[in-house]
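Okay, thanks for coming, everyone. Let me put the structure up, and then I'll walk you through a few spots in it.

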Amino acid sequence: MKLNLIELNDKSKWNGYTFFEFDHDAILENTKKRPEWIHFGAGNIFRIFPAALCQRLLNQGDMDTGIVCGDCHDFEIIDKLFRPHDNLTLGVTLKSDGSISKEIIGSVMQAEKCSPEFADDWAVLVNAFKNPSLKMVSFTITEKGYAIYGTDGNLLTAFEEDLKNPPAKAQMFLSRLVVLLFERFNAGKLPISLVSMDNCSHNGEKLRSSVLKIAEFWKIKKFVPAEFVDYLSDESKVAFPWSMIDKITPRPNEKVAELLKKDGYEDTGLIVTKKGTYCSTFVNAEEPQYLVIEDTFPNGRPPLEKAGVYFTDRETVNKVEKMKVCTCLNPLHTALALSGCLLGFKLICDEMKDDDLRKMLEILGYKEGLPVVVDPKIIEPKKFIDEVITKRLPNPFMPDTPQRIATDTSQKLSIRFGETVKAYLANPALDVKSLKILPLVLALWCRYLLAIDDNGNSFELSSDPLLGEVCMILEGIKLGSPKEDFEPKLETLLSNEKIFGFNVASSPLYEKVRENFALMVSGTGKVREAIHKAVNF
């Protein structure tokens with residue numbers, strides 16, 4: 001059993017697997033002639049979520065074109081994963097009851113490298129952007145993929161180069177995206193929606209801001225006309241809907257690969273690219289999934305509501321996104337990631353068997369988070385947390401790790417915790433000093449940055465764009481360091497409003513953060529002691 005279109009002709013040996021039910025050749029031909037959906041970011045969540053949604057619509061006869069997928073960061077994925085397997089993905093859904101579903105997803109019709117140096121690939125994307133049929137361009141490029149400025153407020157070096165050179169020399173993906181939009185503008189100011197499906201706050205706003213900044217720089221240089229900026233600014237022509245996406249999609253897992261091998265499925269090898277992307281022909285993920293999108297599509301859209309997507313207004317999207325990112329899932333994930341790394345856990349599901357850690361999540365979610373949640377109505381917050389704590393995170397068949405979730409934590413703290421603190425401070429009926437788990441988590445991050453676990457052993461920190469900067473601030477702090485050695489360093493770090501969303505050092509929470517950190521660095525076993533004390537106080 002190998003993953004390619006020819007092998008699928010003999011379905012008799014694929015016992016237990018489901019397949020696409022449409023005429024692949026016909027859909028491919030339609031997609032080439034009149035593409036409707038382009039997606040940038042060929043990662044795991046796209047392959048098992050948006051691509052599977054498209055497949056459902058194709059199977060139902062609600063769409064007759066597939067997806068043109070463009071990779072904008074790691075071109076090895078196209079050469080090593082998509083093309084050798086005819087753009088197919090094996091989606092493996094790991095359900096909490098132990099059952100597994102295996103679906104061959106074939107909705108991606110073309111997979112291209114988003115770079116002019118690959119002329120044929122680039123031509124596919126240019127022609128698609130010039131085609132009036134194109135309705136939607138979606139993105140899963142991670143939150144940092146939208147940044148053109150560094151944390152110091154200055155343009156990132158790569159964008160400095162891009163914005164002083166003509167568009168034809170653009171090297172960064174967002175710059176190349178603006179080049180493609182310029183092609184659409186020149187084709188008749190054709191309407192389009194650019195839909196960020198990334199797991200970050202106000203994702204559509206972030207995308208719009210960066211696209212407009214690049215275009216404005218090029219206008220000043222007279223590389224593009226002012227009318228092009230006007231076109232991008234007109235949301236009746238170019239819309240940037242906000243969205244909320246939720247589905248836990250870990251890296252391909254060895255145990256899942258072994259299960260597939262027992263079926264006779266051969267293509268289970270892990271591909272690790274030079275840029276550090278982990279992928280395989282299969283994607284393993286949990287069953288629950290949510291996608292809520294602002295319904296702003298000036299050129300029409302695929303009928304994704306028929307596949308379970310919520311379409312609503314911006315205010316509701318914002319409420320759902322805040323519910324998830326600021327309260328009901330993401331803060332709980334970060335708390336488990338940091339404590340798990342420090343306590344030596346390798347799986348999130350194992351952490352949920354730990355009484356202290358489970359209590360930590362229950363207090364953080366139900367007692368500290370829910371009081372500041374605005375109910376979006378389409379999804380009930382308490383039921384959402386119930387599902388997270390009782391089904392999703394404890395799922396023993398989901399091979400997710402605290403180390404994966406700890407990636408880029410510096411980019412997440414201001415939204416996942418800072419927004420809650422601001423909500424408490426803004427509400428006279430709430431006492432910010434009543435928070436005990438939230439300051440514990442902030443202290444856990446500071447303790448995590450020492451790269452020493454609770455047994456006194458060193459460990460590797462997960463990747464983070466600010467790792468060098470924040471670790472340097474705490475440099476020299478060791479287990480057993482006296483307060484006079486670490487307090488000035490801790491205060492410096494906690495004063496960074498860009499990281500935390502507020503100045504922790506001058507806030508009513510500083511004393512709790514400091515006390516927790518002081519206990520955690522006082523010796524081995526003290527992280528466990530601090531957590532136990534906080535959840536039982």
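Before we start on strands, one bit of vocabulary: two strands count as paired if DSSP finds at least two bridges between them. And please keep in mind that this is a predicted model.

So, with that in hand, look at β10 and β14. These two strands pair in the antiparallel sense, over four bridges. If you want a place to put your finger, Ser 243 stands opposite Ile 293 in β14. Now zoom out to the sheet they belong to. In what order do the three strands run? The order is β10-β14-β15, in an open sheet with mixed pairing. At the edges sit β10, residues 243–246, and β15, residues 310–312, and each of those pairs on one side only. Going from one strand to the next, the twist averages 15°.

Next up, a helix. Let's check α7, which covers residues 173–186. How far apart should its ends be? At 1.5 Å a residue, its 14 residues should span 20 Å, and the end C-alpha atoms are indeed 20 Å apart, so that agrees. What I like to look at here is the cover. Of the 14 residues in α7, 12 are buried, and buried here means under 20% relative accessible area. The buried ones include Phe 173, Leu 174, Phe 182 and Phe 185, as you might guess from the names, but also Arg 176 and Arg 184. Right after the helix comes Gly 188, with a positive phi near 125°.

That brings me to backbone angles. Most residues other than glycine have a negative phi. So which residues here go the other way? One is Thr 142, with a positive phi of about 70° although it isn't a glycine. You'll find Thr 142 in the loop between β7, residues 136–139, and α6, residues 157–164. Its relative accessible area is 40%, so Thr 142 counts as partly exposed. Another is Lys 222, also not a glycine, with a positive phi near 65°. Lys 222 is in a loop too, the one between α8 (203–220) and α9 (226–233). Is Lys 222 buried or exposed? At 73% relative accessibility, Lys 222 is exposed.

Okay, salt bridges. How many does a search of the whole structure find? The count is 34, and I'll show you three of them.

First on my list is Arg 83 with Glu 112, whose side chains meet at 3.2 Å, N to O. Arg 83 is in the loop between α4 (76–82) and β4 (89–94), while Glu 112 is in strand β6, residues 108–113, so this pair ties together parts that are 29 residues apart in sequence. The two partners sit in rather separate surroundings: Arg 83 is partly exposed at 35% relative accessible area, whereas Glu 112 is buried at 8%.

Now over to helix α10, residues 254–263, for a pair within one helix. Here Lys 261 bridges to Glu 258, with the closest N and O atoms 3.4 Å apart. They are three residues apart, about one turn of the helix. Lys 261 is partly exposed at 43% relative accessibility, and Glu 258 is partly exposed at 41%.

My last pair is Glu 529 with Lys 526, at 2.9 Å, N to O. Both residues belong to helix α23, residues 526–536, and again they sit three residues apart, about one turn. Glu 529 is partly exposed at 36% relative accessibility, and Lys 526 is partly exposed at 24%. Back to Arg 83 and Glu 112 for a second: salt bridges with shared partners join them with Asp 79, Lys 113 and Asp 121 into one network.

Last stop, the surface. Which residues form a nonpolar patch there? They are Leu 270, Val 272 and Tyr 278, and together they have about 250 Å² of accessible area. Tyr 278 is in strand β12, residues 278–279. At 31% relative accessibility, Tyr 278 counts as partly exposed, and patch members need over 30%.

That's my tour. Happy to rotate the view to any of these spots.

Methods: Residues are numbered from 1 along each chain as its sequence is written. This is a predicted model: local features need pLDDT of at least 70, side-chain atom pairs count only at pLDDT 80 or more; totals for chains, interfaces and linings use all residues. Side-chain values use heavy atoms; hydrogens and water are left out. Patches are made of residues with over 30% relative accessible area and no salt bridge: like charges are joined within 9 Å, nonpolar side chains (Val, Leu, Ile, Met, Phe, Trp, Tyr) within 5 Å. Accessible areas come from the Shrake-Rupley method with a 1.4 Å probe; for residues, only the protein chains shown count as cover. A salt bridge is a side-chain nitrogen of Lys or Arg within 4 Å of a carboxyl oxygen of Asp or Glu. Buried means under 20% relative accessible area, exposed over 50%, partly exposed in between (1.4 Å probe, protein chains only). Axes are lines fitted to C-alpha atoms, for helices over the stretch in contact, and angles run from 0 to 180 degrees between N-to-C directions. The expected span of a helix is 1.5 Å times one less than its number of residues.
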